Amino acid sequence: MWFFNSPQIVFGEGALTHLAQIRGARAYIIADPQMTTFGFVERVRAQLAEANIETRVFDQVEAEPSLATVRHGAALLREFEPDWIVGLGGGSPIDAAKAMWALYERPDLAPDGISPLEYLGLGKKARLITISTTSGTGAEVTWGIVLTDPNEKRKLGVGSRETLATLAIVDPQFVMQMPPRLTADTGLDALTHAIEGYAANWHNDFADGLCLKAVDLVFNFLPRAYANGDDAEAREKMHNAAAIAGLGFINSMCTLAHAMGHALGGAFHVPHGRCVSLFLPYTMEFAANAGNYRYADLARFIGLVAPDEARATRNLIAAVRDLETQLGSNTSIASLGIARADFAAALETLCDHAENDTQIVAAPRQPDRAELRRLFECAFAGQPVTF
Ligand SMILES: [Zn+2]
């Protein structure tokens, strides 16, 4: 038995106007300060006003939202009693909105009680709308939540199938202004979701098609969106790709590149998408060296011709590296400006964190401790994985 979960998704040009047709009385918009500066909050409020929905705004979600922010937001929700909660922004405000919603409905819960093992009974007071303003995390269609506990300097991965939006708005108007670096980082995150979601041990018939399509969209449109931010078609396709990849991996699993990327990002404060995509080709080589050739399906789907599965897999790995280079992204840890001594001092902690990351469980090939150490070493120096 397996599950497939998805919000209703309204996508494409003009998707935001769908908000003018929803029914409700009060909506709380959860965002970060930039959403107000860019005028995005006002665009959302205008549509909700047409639906005669009263709105309030909390636009103080920080990058990597803290437990305190989430608790504060939930208290604001309890005061206003909204029947809609709108998460607007990149992954951080959307994740914060999911957690605030859960705590609003279940004041008895602590944030780390938002677990797949717990029946939450959400939806009695409010429902969630997500509006993504980057093309990468897939947070608008996934139920996972990443919070930060600044006291213990740790990241908390929580969430349950219930912390899933009822409605996700995937409207390209919100991503037209993304600068090239953010376009590349977030787009490569989407690529990593799609490739890992396809190769994961938990792959399944429902998620596979989504992952295939997302990989194809990223290879075709990310270089265009990066080179020319005004390319409306590329922006729209990448916005769709991120949501499609999100649906793919959340109904399968991300794997080793995410486990290693989370570890590196936590230790050295490197953006999520850059970290996970950096590790992607190394972890693909590691799986392929043990004869895992599911990657060959992806290679064929994007038109990389090869006489056999092994060579098709190698072609895909080379294509990932080429794309990263083309986008000016980092293909080694050293190229991030991290000194060898600092890397060496952190290596055992990096291995600890990667081993304890939930994403590692579905890796197509599980590394033991020595292999994990060697994988980090290869990624530091930019050397191919030969074991
Ligand atoms: Zn990711």
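How much area do domain 1 and domain 2 bury between them, and what share of it is on carbon and sulfur atoms? Keep that in mind while you click around; this is a predicted model.

**Stop 1: the two domains.** Select residues 8-174 and give them a colour: that's domain 1 in the domain assignment. Then pick 180-381 for domain 2. If you drop a centroid on the C-alpha atoms of each domain, the two centres sit 27 Å apart.

**Stop 2: the interface.** Now select what touches across the boundary. You should get 18 residues from domain 1 in contact with 16 residues from domain 2. Here's the answer to the opening question: the domains bury about 1,400 Å² between them, with 66% of it on carbon and sulfur atoms. Colour the domain 1 side by residue class and you'll find 6 nonpolar, 9 polar and 3 charged residues facing domain 2.

**Stop 3: polar links.** Go hunting for salt bridges between domain 1 and domain 2 and you'll come back with 0. Polar contacts are another matter: 3 residue pairs make them across the two domains, counting pairs with both residues at pLDDT 80 or more.

**Stop 4: N240.** Jump to helix α7, residues 232-250, and show N240 as sticks. Is N240 buried or exposed? Its relative accessibility is 15%, and the cut-off for buried is under 20%, so N240 counts as buried. For its surroundings, leave out residues up to four places away in sequence, then display F11 and V170: N240 touches both of them. Going by the domain assignment, F11 and V170 fall within 8-174, domain 1, while N240 falls within 180-381, domain 2.

Conventions: Residues numbered from 1 in each chain as written. Predicted model: local features only at pLDDT ≥ 70, side-chain atom pairs only at ≥ 80, totals over all residues. Heavy atoms only, no water. Domains from an automatic or database assignment. Contact = heavy atoms within 4.5 Å. Buried area = accessible area lost by both parts, 1.4 Å probe. Salt bridge = Lys/Arg side-chain N within 4 Å of Asp/Glu carboxyl O. Polar contact = N/O pair within 3.5 Å; in protein donor to acceptor, adjacent residues only side chain to side chain. Nonpolar A, V, L, I, M, F, W, Y, C, P; charged D, E, K, R; others polar. Helix = DSSP H or I, 4+ residues; strand = E, 2+ residues; numbered from the N terminus. Buried < 20%, exposed > 50% of the residue type's maximum accessible area, 1.4 Å probe, protein only.
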